[in-house]
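Reader: I am new to reading structures and would like a close look at one part of this one. Please take it slowly and stay with what can be checked in the picture.

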Amino acid sequence: MKEIQKISQLTPAQEDQLTDYRKKWRKLTFSTDASAEAAIQVSVGKAYSYLNLPTPEIFVVESLFDIPDSFWVSSHWQNPGNAVSLHDKLLQPLIATVSSQVAGQLWGKLWNIAPRLDYLDGYTPLYQRGWNRDDCEKMQIDAFFKSLYGLRHCGRIDFCQGALGCTLDVDAWEALYGLVQQGGWLFPYEHLCLAVQKRLIRSISGPFGAENE
């Protein structure tokens, strides 16, 4: 069986597009705008639909400090179902598909399209003081949103599809990209999804993200 020829270098036109994609992903990564609740509902619904899961009860808050007391006693929080891994079911298959079409050296070169970021308190969301231990342990942010590198993978997937013409599962990419656009964190479960409109981050290097911080 003939081995598929991988893309190993960029054309001059593709090199020029790198700048545009880096600007795009810096803007996405360090956005300080809170997405509209309706837009978040749509993006979460699309992701669950792709995963063949019913649309959950979706709670949208601006930050984890704004969760209403009614949330903690709701039937959905008492029985949220299993955690849904967007990282495993959306991101990882996309990485495998696209990276199989790009030579390793070039795949590594595209790593810096999206900037590296850090979270303010050690890679995890800022939890409200006073939460009981059970709630803190029960809250499981999806690994994609907790990862330092999730958005960096997305940046190069985006470039490989848009600039290099790599093939991928378009529905999976649109579902994941829609969640990236909403800007915050997700705590996805089978029966409910808590969506936070803003993430609190700081830039690893350079001034990007200062306003967010």
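Which hand does the crossing of helix 9 and helix 10 have?

Author: The crossing of helix 9 and helix 10 is left-handed. The model is a predicted one, and the values below are computed from it.

Some background comes before the details. Two packed helices are described by the angle between their axes and by the distance between those axes. Helix 9 covers residues 150–162 and helix 10 covers residues 170–181. Their axes lie 12 Å apart, and the packing angle is about 135°. Because of that angle, helix 9 counts as oblique to helix 10; the label "roughly antiparallel" would need an angle over 145 degrees. On the helix 9 side, the contact is made by Leu151, Cys154, Ile157, Asp158 and Gln161. On the helix 10 side, Val170, Trp173, Leu176 and Val180 take part.

Each of these two helices also has another partner. Start with helix 9, which packs with helix 5, residues 86–99. The axes of helix 5 and helix 9 come within 10 Å and cross at roughly 45°, so this pair is oblique. Helix 5 passes helix 9 in a left-handed crossing. Helix 5 contributes Leu91, Leu94, Ile95 and Val98 to the contact, while helix 9 contributes Gly150, His153, Cys154, Ile157 and Cys160. Cys154 and Ile157 of helix 9 are also listed in the contact with helix 10.

Now take helix 10. Its other partner here is helix 1, residues 12–29, and the two axes come within 9 Å and cross at roughly 55°. Helix 1 is therefore oblique to helix 10. From helix 1, Lys24, Trp25 and Leu28 meet Trp173, Tyr177, Val180 and Gln181 of helix 10. Trp173 and Val180 are also among the helix 10 residues that touch helix 9.

Cys160, one of the helix 9 residues that touch helix 5, deserves a separate look. The structure holds zero disulfides. Cys160 is in none, and the nearest cysteine sulfur, that of Cys166, is 4.6 Å away. A disulfide needs the two sulfur atoms within 2.5 Å, so the sulfur of Cys166 is too far from that of Cys160 for a bond. Both cysteines are nevertheless buried: Cys160 has a relative accessible area of 0%, and Cys166 has 5%.

The aromatic rings are a further topic. The structure holds ten aromatic pairs. One of them joins Phe71 and Trp72 edge-to-face, at 5.0 Å centre to centre and with 80° between the planes. Both residues are buried. Trp77 and Tyr189 form another edge-to-face pair, at 6.3 Å and 85°. Trp77 lies in helix 4 (residues 75–78), and Tyr189 lies in the loop between strand 3 (185–188) and strand 4 (192–196), so this pair ties together parts that are 112 residues apart in sequence. Trp77 is buried, with a relative accessible area of 2%, and Tyr189 is buried, with a relative accessible area of 2%. These four residues belong with Phe59 to one aromatic cluster.

Within that cluster, Trp72 sits in helix 3, residues 69–73. Its relative accessibility is 16%, and Trp72 counts as buried because the limit is under 20%. The C-alpha atoms of Trp72 and Asp135 are separated by 8.3 Å, although the two residues are 63 apart along the chain.

Technical notes. Residues are numbered from 1 along each chain as its sequence is written. This is a predicted model: local features need pLDDT of at least 70, side-chain atom pairs count only at pLDDT 80 or more; totals for chains, interfaces and linings use all residues. Side-chain values use heavy atoms; hydrogens and water are left out. Buried means under 20% relative accessible area, exposed over 50%, partly exposed in between (1.4 Å probe, protein chains only). Rings of Phe, Tyr and Trp (its six-membered ring) pair if their centres lie within 6.5 Å; planes under 30 degrees apart count as stacked, over 60 as edge-to-face and the rest as tilted. Helices (H or I, at least four residues) and strands (E, at least two) are DSSP runs, numbered from the N terminus. Axes are lines fitted to C-alpha atoms, for helices over the stretch in contact, and angles run from 0 to 180 degrees between N-to-C directions. Angles under 35 degrees count as roughly parallel, over 145 as roughly antiparallel, 65 to 115 as roughly perpendicular and the rest as oblique. A crossing is left-handed if the near helix is turned anticlockwise from the far one by less than a right angle, and right-handed if clockwise. Contact means heavy atoms within 4.5 Å.
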